[in-house]
Amino acid sequence: MNDVNTNLLPGMNPPMNHLLRGTRRHFFSRCMVGLGGIALASLSGQQRLLASQEMKPAHPSAAKPSHHPARAKRVIYLFMAGGPSQLDLWDYKPKLGELNGQPIPDSYLAGKRFAFMDTSFKDRSKLLGTKRQFARHGQSGAWVSELFPHMATIVDDITLVKSCAANLFNHAPAKLFMNTGSGQFGRPSMGSWVTYGIGSESENLPGFVVLQSGPRGPRGGGVNWASGFLPTNFQGVPLRSGGDPILNLRTPEGIDLPRQRRTIEAVRDLNLARLVETGDSEISTRIAAYEMAYRMQSSAPELIDVSGESKATLALYGIQDEQPSFARNCLLARRLVERGVRFVQLYHTNWDSHGGPGESLEGDLEKVCRDVDQGCAALVKDLKARGLLEDTLVIWGGEFGRTPMGESREKTGRNHHIDAFTTWFAGGGVKAGAVLGETDELGFGVVRDRAHVHDLHATILHLLGLDHTKLVFRFQGREFRLTDVEGELLTKLLA
Amino acid sequence: MVAKMTTRFFLYLTRWSLSLVAFGLTVTMGADSNKPANPAKHWAFIPPRRAPVPTVSMTAWPRNAIDRFVLARLEKEKIKPAPEADRVTLMRRLYLDLIGLPPTPSEVEAFLKESTPDSYERLVERLLESPHHGERWGRWWLDVARYADSNGYSIDAPRTIWRYRDWVVDALNRDLPFDEFVVSQLAGDLLPEATLEQKIATGFHRNTQINQEGGIDKEQFRIESVFDRLATTGSAFLGLTIGCAQCHDHKFDPITQKEYYRLFAFFNNADEPEIPIASADQISQAERIEAEGSAYIKKLPEKDPMVWGQMVAWEQSLTPAQRQALSQQVREAFDFAFEKRTDEQKQVVLTAYVEQAPANRVHQTALARIRRQRPKIETAMVMRELRQPRDTHLFVKGDFTRHGEKVTPGVPAVLHPLPPGDKLNRLDFARWLASAENPLLARVAVNRLWQQYFGKGIVETENDFGSQGARPSHPELLDWLAMELTSQGWSLKAMHRLIVNSAAYRQSSHARVDLETIDPNNRLLARQNRLRLDAEVVRDVGLAASGLLTQKLGGPPVFPPQPDGVMSLGQVKREWRTSPGADRYRRALYTFFFRATPHPALVVFDAPDSFSTCTRRMRSNTPLQALTLLNDGAFYEFARVLAARVLTESERSDAERFRYAFHLCVARSPTVQEVQRLNDLLHTELNELRLQPEAIRTAKAPEGADPVEFAAWTTVARVLLNLDETITRE
């Protein structure tokens, strides 16, 4: 690159071009490598082809090759925050109904610790049969509770993993554990690891997006999608359900997009001059960041505007109005992955079912099930119909499950349980219409194919083409992984 | 299952042993084993010593000993240092580094006019004496202290601990010797005749999170906070990842699990109270009034036994969100049926009911009358030693439910010994840590100072000086600086002075083509580094440029504007009522920091999350930063006020105004090309905006200003506040 091709920088004013031509050519030619992304962004398709293959992406989250061929290109994680009661939803245990009201045999309890163990509840250790009707569904004949009539129709597209196990039984640390592989704060979340590992295919949206619904945010809030010690461009960006989907996405009052564009162009030109003066490649990253910011300002509003969706699609999800809802977020998740976003996480609260007000296994559980049932099923069907399911991994589950024993506060409930709970997977290289793992006759412990959280993480990364033992980041003197020193591939889950 | 576990365990051990072998270590089995063969030989455990200051051939360059170490290394590689940065760059660099604020245009002008040879050094002295120095470097220390204004975990209720923050700022301003600084924070409460200030200093280790979730095992979370205190102590003062030894002997450094728990024992006896900060009279007055209020509430059921029933009905009517908003004590009492509650629990719930239920308006008025005279008493969170020490056991695999052998307080054998004694406590530990014999403390401290000034430490792994950490780039310089710190009576200001007066520091930060292959990461320091400003300074520069900055020091945290909806992202929605008046424009150091929902403009520029100690900040460069500077209401306000300032305070010519605006943001004058580019922009804006009544109306021009001109200058101001250079120390 002996001279600067001024055509690469459309919109730049003549004095700047003059400046770039006149001074410090060596720096500029070096920095042009970093500038590739910006220049490319403003080029026509023809010019793009002409641009050098060697230009390195200016955006640090750009797509990168995986370790091995990927079965899944993207993830949608439906996080049921609070711990859904697998015994009332997925893991049918007639024996538990037979023994309803009887104390749990001591053999099950030896050496176990529970949440709220230091406060006394009557009937704490008495077994509680489910009040829900279960039936077999689909070709696979999987048992599903009456609370999920819509999800019952997709059992042939999903694999139920009934043998999940975790380590921590309080909500905030357990959610962190499910998201980061550690109960300690400060570790990167799965979405951050994935975008760190393979980048994102979206040029106009962040690679890792979080959506929330329900009365409150998940416990712990932003740490659940934090990038920990990984660079912050890998952190989850929460799209908000009301108002601007991304903070500060809207220009200040009275500043329209053309004026914003003129502002950004002037910033770019002055930054370029400084880049030439100082030779600091961070300036080219910053210029690229401003371009992405500008594109996000138009792409994010387009993303959340679902008015172009067909009536049939809206009906499939059960979206009736403009109100934020879980179903709407499911549709947004599909729109996000269609636009190249790598990792989408939906949080829904509150699945805590202790039996206290707002947390009963009666009306409260029915309500949260109604909130999510249709949207989850619709998402899988919609992805399938569009040919996206085969390389999109959908995950449904919470941070832990609930005990076979009942808990009586004002109404009936169950306590937190980490020894056995259910998560389901669909699409992206996972078996369809299968059940993995089995619990004992009371649903207390796993008797076959235990799927610990670390194993789930290893398997999810594997599907994305990443080897969990190789996806490492050096921090504080040692190499960290999503799976710490654990994690085994759940080969039976793979299609 | 069993077979699988065993295999895994075996593999684990094998991998472990292999890695030890790979590092040339021998493995011996048994207690306190698995140490490297001769850990005492690792450089960081050998006490620093002063190597002779090297001789160099380019004798005109060095200004002090630092430079001779740096230059000797450069000469070995046949590299010449970079030229000194220009005077304005140097001045802005000094301001941002020493006080975290940019120089004003008049300060720049005065400095450029000064022709005495020592004008730079005199500027350094002025800045070191500025009260803003403590604010700038206070934040440096608060990162380590994981300071925040809320309890963390899921409930994240506000806490009052800002007196500790003010203590840090003050201690750095008066240059409290670093050894005393350390001892006060770890064990100020145990010092003979401890002052209130020394007690407040122990807030350092009260900056741990507190879990207020229902149903938790409190002992578990007390122990979590002790684990955190150990990890923080290790990173902050020793540069060691001692947390690794929580579950097993440290794999790479000579710290056994037993030694970890002997350290743990020093921290295991603390009580964690809040103490009032008020005169004895005020305290007794407050107590008297409080007692009067409680007595009033206590009498209610005696007068009317129906009150209990009404209270229970009220409890049952609460929504989950309302319950969550009540205090921890009340929520715990709720876990028990009425008849199972203790008298104290009944009283706690009754108080909540009387104070909160709308039906009790009459009582609430009466209580307000009683409490009207109650003095407002500030509190501080401190450490206090328990009279009866707790036993400390080793926890098998770090699990607090699995007690191993009982241990007594002690320190790792690889480090200098404790003074003899059998009743050793936290103060003994603090004094041991801060003793001149400690091979690590001074090195770790000067390395973190260095890191602030050059972007990287001499040891790049600033929190790992162990065998897995990076080797120092300039070992003799590190030791020389460490010795200098102790011989200067642990004066941090002496170290600041030494570093910023060096020629190494004063170099230009421009990239050098000749170094691109030899030293791409600038480890040899043949130039300075351009560093993006810390999150707080990004805000402070905007405040200073626009002239909005409130210079007041200290006091309770404040609530500057933030986008709507931030607080709803936490589990419990916390209130954020924007501070009125001057408190709206305080330095970011004073922004209330909720751990679960921190101010987004801080987070986006990599302010630490305060969940655990942070010894080095990341410097990311993201689109969300661009969106913040472009669109955030606070930054837009800075731009509008900056535009108004430029229009009213400078001469009427546009050229003068560009110059003034440039000076306010980046301290220097614009180049001809830069003026031309801004001028083009200004004229485009004037032409475009004339046709946009809406833009003019919403611009809300100050009185007397032409609205179109004001709107156009607002665009110019936005451009300047968004420049990479504005948020960078060059």
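Helices here are DSSP runs of H or I at least four residues long, numbered from the N terminus. The model is predicted.

Q: Which helix of chain B holds B:Gln356?
A: B:Gln356 lies in helix 16 of chain B. That helix covers residues 343-356.

Q: Why is B:Gln356 called partly exposed?
A: Count its C-beta neighbours. B:Gln356 has 16 inside 10 Å. A buried residue needs 20 or more, and an exposed one has 12 or fewer. The value 16 falls in between, so B:Gln356 counts as partly exposed.

Q: What separates the C-alpha atoms of B:Gln356 and B:Leu326?
A: A distance of 9.7 Å separates them. Along the chain, the two residues are 30 residues apart.

Q: Why is helix 12 of chain B called roughly perpendicular to helix 16 of chain B?
A: Look at the angle. Helix 12 (residues 280-303) and helix 16 of chain B pack at about 95°, with their axes 10 Å apart. Angles of 65 to 115 degrees count as roughly perpendicular. The pair falls in that range, so helix 12 of chain B is roughly perpendicular to helix 16 of chain B.

Q: Which residues make the contact between helix 12 and helix 16 of chain B?
A: Helix 12 of chain B brings B:Ile297, B:Lys298 and B:Leu300. Helix 16 of chain B brings B:Gln347, B:Leu350, B:Thr351 and B:Val354. By class, the contact residues are four nonpolar, two polar and one charged.

Q: What makes helix 8 of chain B mostly covered?
A: Helix 8 spans residues 178-187 of chain B, and nine of its ten residues are buried. Among them are B:Phe178, B:Phe181, B:Val182 and B:Leu186. Buried residues make up 47% of the 730 residues in chain B.

Q: How do you know whether chain B is as compact as a globular protein of its length?
A: Start with what chain B contains: 30 helices and eight strands. Its radius of gyration is 29 Å, and the globule rule gives 27 Å for 730 residues. The two values are close, so chain B is as compact as a globular protein of that length. Its C-alpha trace spans about 85 × 75 × 60 Å along the principal axes.

Q: Which domains does the assignment give for chain A, and how many residues of each are in contact?
A: Domain 1 takes 1-45 + 249-309, and domain 2 takes 74-242 + 324-493. Eight residues from domain 1 of chain A meet eight residues from domain 2 of chain A. On the domain 1 side, five are nonpolar, one is polar and two are charged.

Terms used
Residues are numbered from 1 along each chain as its sequence is written. Chains are lettered from A and ligands numbered from 1 in the order in which they are written. This is a predicted model: local features need pLDDT of at least 70, side-chain atom pairs count only at pLDDT 80 or more; totals for chains, interfaces and linings use all residues. Domain bounds come from an automatic or database domain assignment. Two residues are in contact if their C-beta atoms, placed from the backbone, lie within 7 Å. Ala, Val, Leu, Ile, Met, Phe, Trp, Tyr, Cys and Pro count as nonpolar, Asp, Glu, Lys and Arg as charged, and the others, Gly among them, as polar. Axes are lines fitted to C-alpha atoms, for helices over the stretch in contact, and angles run from 0 to 180 degrees between N-to-C directions. Helices (H or I, at least four residues) and strands (E, at least two) are DSSP runs, numbered from the N terminus. Angles under 35 degrees count as roughly parallel, over 145 as roughly antiparallel, 65 to 115 as roughly perpendicular and the rest as oblique. The radius of gyration is taken over C-alpha atoms; the globule rule is 2.2 Å times the number of residues to the power 0.38.
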